[in-house]
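Please walk me through this protein chain, with attention to its cysteine pairs and to where they sit in the fold.

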Amino acid sequence: MALQKLFILTLVLLVLAACSDAGGIAIYWGQNGNEGTLAETCATGKYDYVNIAFLSSFGNGQTPTINLAGHCDPNSNGCTSLSSDIKSCQSKGVKVILSIGGGAGGYSLASAADARQVATYLWNNFLGGKSSSRPLGPAVLDGIDFDIEGGTNLYWDDLARYLSAYSKKGKKVYLTAAPQCPFPDAWIGNALKTGLFDYVWVQFYNNPPCQYSGDATNLEDAWKQWTSDIPANKIFLGLPASPAAAGSGFIPVPDLVSNVLPAIKGSGKYGGVMLWSKYYDDQSGYSSSIKSHV
């Protein structure tokens, strides 16, 4: 009898563990002035991670520049007011991460020394360091997201190492990345091999060879490769939040819920879904429709 009770208790604990390991939703915010504030974004309760997009210019001697579209003007220190929003998000358990790179903008790293310089800049201006010119004010962000889609593929592994080293100074610096789904990623494939990345949200859109096309086979094959070959804590399925959010790769809710998620959730590295972007999610209500299934 005691054994039976122990068995039932073990089963209950396993079920609880499985439930607590349910996936989360990551969202990109910052590229459309009509998507609400950062505080409002976190107050919806839909998102576990918010990537502030983008620090679009940096490295190779360039002045680092943050571009938050219509939200605020960094040139007049207008984005420092985001500090209270960031703290509001963090008080709700949402991780707030600065995304560097993006599809437009000028960025590249000229050398390992340049990577160190960029890491120092990010630490002092957005993370736990100190600077008189913090673009987002005094709030300490949770980490840095590598959304590298241009420049060269050199020295991103060095940048990851230098940023990761700052974790030893108290608060952990989370490292995340948004590679394209063709494996390995052309830009940050080497950086991802370092094993320093906590969350990798792979872009399964604008990439016909590995995105969903009414059939999940190609997506599943790519997912298996990512989850088996990349030493990250969690891998996320990156998707457009509406058909207008990307050139291709949108997955209708019924297809995602019945075909795609069941096929990928078995992986121990499954972390959830990343959506581009808050503006499009507002238009479509996509995250609300999928949240209970993620």
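The paragraphs below take up the annotated region and then each disulfide.

This is a predicted model, in which local features need pLDDT of at least 70 and side-chain atom pairs count only at pLDDT 80 or more, while totals for chains, interfaces and linings use all residues. Residues are numbered from 1 along each chain as its sequence is written, and side-chain values use heavy atoms, with hydrogens and water left out.

An unreviewed UniProt entry lists residues 23-294 as "domain: GH18", an annotation that may be inferred rather than shown by experiment. Over residues 23-294 the chain is 30% helix and 20% strand (DSSP runs, H or I of at least four residues and E of at least two, numbered from the N terminus), and the end C-alpha atoms lie 5 Å apart.

Taking a disulfide as a pair of cysteine sulfur atoms within 2.5 Å, the count comes to 3. C42 is joined to C89 with an S to S distance of 2.0 Å; because C42 lies in helix α2 (residues 38-43) and C89 in helix α3 (residues 82-91), the pair ties together parts that are 47 residues apart in sequence. C42 is buried (under 20% relative accessible area, where exposed is over 50% and partly exposed in between, with a 1.4 Å probe and protein chains only) at 2%, and C89 is buried at 0%.

The sulfur atoms of C72 and C79 are 2.1 Å apart, and both residues are buried. The torsion about their S-S bond is about 100°, so this disulfide is right-handed.

C181 and C210 form a disulfide with sulfur atoms 2.1 Å apart, linking the loop between β6 (174-177) and α6 (189-192) to the loop between β7 (199-203) and α7 (217-229). Numbered in sequence order, the bonded cysteines pair as 1-4, 2-3, 5-6.
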